[in-house]
Amino acid sequence: MTVETNWDEPERIRPLSWRIVVVLLLVVGSLIYAFPFFWMLSTSLKIPQNIYLDPPQWIPNPVAWENYSLIFDVGPVWAWIANSTLITVATVVLRTLSSLVVAYGFARFAFPGSRVLFILLLSSLMLPGHVTIIPRFLMFRDWHWLDTFWPLIAPNFFSTAFAVFLIRQFLMTLPRELDEAAEIDGANTWDILWRLLLP
């Protein structure tokens with residue numbers, strides 16, 4: 001004698017209830033993370049007297065739209081934006097390219113000591129950035145790089161352990177048969193990296 005159990009009804013109810021819980025958690029989390037942005041936007045439209053009111057004023061009254069035009073009287077805002085754009089683009093491009101080359105070496109080539117070197121690279125993640133502040137300042141001062149963009153751009157010529165780790169893990173998910181097929185077609189190591197794996 002077999003006992004028939006109706007598992008369909010709980011299975012239908014459980015996913016719906018879990019979906020509701022997940023959506024509610026996502027909405028609450030989104031509101032928490034969006035709060036600083038909304039507060040920044042609200043504060044940017046307040047007159048100076050209303051910024052530090054207690055209790056805080058959530059909706060600006062009066063709305064000071066002129067704050068956005070006054071910012072250009074403070075200083076060379078367009079020059080600041082251009083500087084930030086230059087440093088950001090240079091940082092992203094240089095760090096990505098240098099990390100890609102190092103990660104490619106660790107992902108595709110088994111050379112003596114590769115595992116030890118990779119572990120040493122990952123162990124550098126435990127070194128706090130504060131430890132290197134003073135030596136880097138002294139080095140940049142000796143190179144006469146103070147008050148220039150070079151201290152912000154030049155260190156990005158060198159990869160970071162975290163970026164190398166992420167790119168290496170991605171490259172290891174790509175089948176080696178791709179490399180072998182490219183080699184049969186006459187591609188060298190650099191062709192495989194730049195024309196096959198990078199895209």
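In this predicted model, helix H8 (residues 176–184) packs against helix H9 (residues 189–197) at an angle of about 115 degrees, and their axes lie 10 Å apart. The crossing of H8 and H9 is right-handed. On the H8 side, the contact is formed by Leu178, Asp179, Ala182 and Glu183, and these residues meet Ile192, Leu196 and Leu197 of H9.

A second pair of helices can be described in the same terms. Two packed helices are characterised by the angle between their axes together with the distance between those axes. For helix H4 (residues 114–123) and helix H7 (residues 161–173), the angle is about 130 degrees and the distance between the axes is 8 Å. H4 passes H7 in a left-handed crossing. Here H4 contributes Phe118, Leu121 and Leu122 to the contact, while H7 contributes Ala161, Val164, Phe165 and Arg168. An angle over 145 degrees would count as roughly antiparallel, and one of 65 to 115 degrees as roughly perpendicular; H4 and H7, at about 130 degrees, are therefore oblique to each other.

Attention now turns to the loop between helix H1 (8–44) and helix H2 (67–74), where Lys46 is located. Lys46 is a buried residue, yet it takes part in no salt bridge. The nearest side chain of opposite charge belongs to Asp54, and it is 11 Å away from Lys46. A salt bridge requires a side-chain nitrogen of Lys or Arg within 4 Å of a carboxyl oxygen, so the 11 Å that separates Lys46 from Asp54 does not qualify. What, then, is Lys46 in contact with, leaving aside its neighbours within four places in sequence? The residues concerned are Trp39, Ile51, Gln57, Pro60, Ala64 and Asn67.

Asp54 also appears in a feature of the backbone: a cis peptide bond joins Asp54 to Pro55, with omega at about 5 degrees. Pro55 is placed in the loop between H1 and H2. That loop holds Pro62 as well, and the peptide bond leading from Asn61 to Pro62 is likewise cis, its omega being near 5 degrees. As a point of reference, most peptide bonds are trans, and most residues other than glycine have a negative phi.

Positive phi values are found in the loop between helix H5 (133–142) and helix H6 (150–153), which is where His144 lies. His144 has phi near 60 degrees, a positive value in a residue other than glycine. Asp147 is located in the loop between H5 and H6 too, and its phi, near 65 degrees, is again positive in a residue other than glycine. Are these residues buried or exposed? His144 has a relative accessibility of 70% and counts as exposed, because the cut-off for that class is over 50%. Asp147, with a relative accessibility of 84%, is exposed as well.

Finally, how many salt bridges does a search of the whole structure find? The search returns one. This salt bridge brings together the side chains of Arg141 and Asp142, with an N to O distance of 3.6 Å. Both partners are partly exposed: the relative accessible area is 41% for Arg141 and 49% for Asp142.

Note on methods:
Residues numbered from 1 in each chain as written. Predicted model: local features only at pLDDT ≥ 70, side-chain atom pairs only at ≥ 80, totals over all residues. Heavy atoms only, no water. Helix = DSSP H or I, 4+ residues; strand = E, 2+ residues; numbered from the N terminus. Buried < 20%, exposed > 50% of the residue type's maximum accessible area, 1.4 Å probe, protein only. Lys, Arg positive; Asp, Glu negative; His and termini not counted. Contact = heavy atoms within 4.5 Å. Axes fitted to C-alpha atoms, helices over the stretch in contact; angles between N-to-C directions. Parallel < 35°, antiparallel > 145°, perpendicular 65-115°, else oblique. Left-handed = near helix turned anticlockwise from the far one by under 90°.
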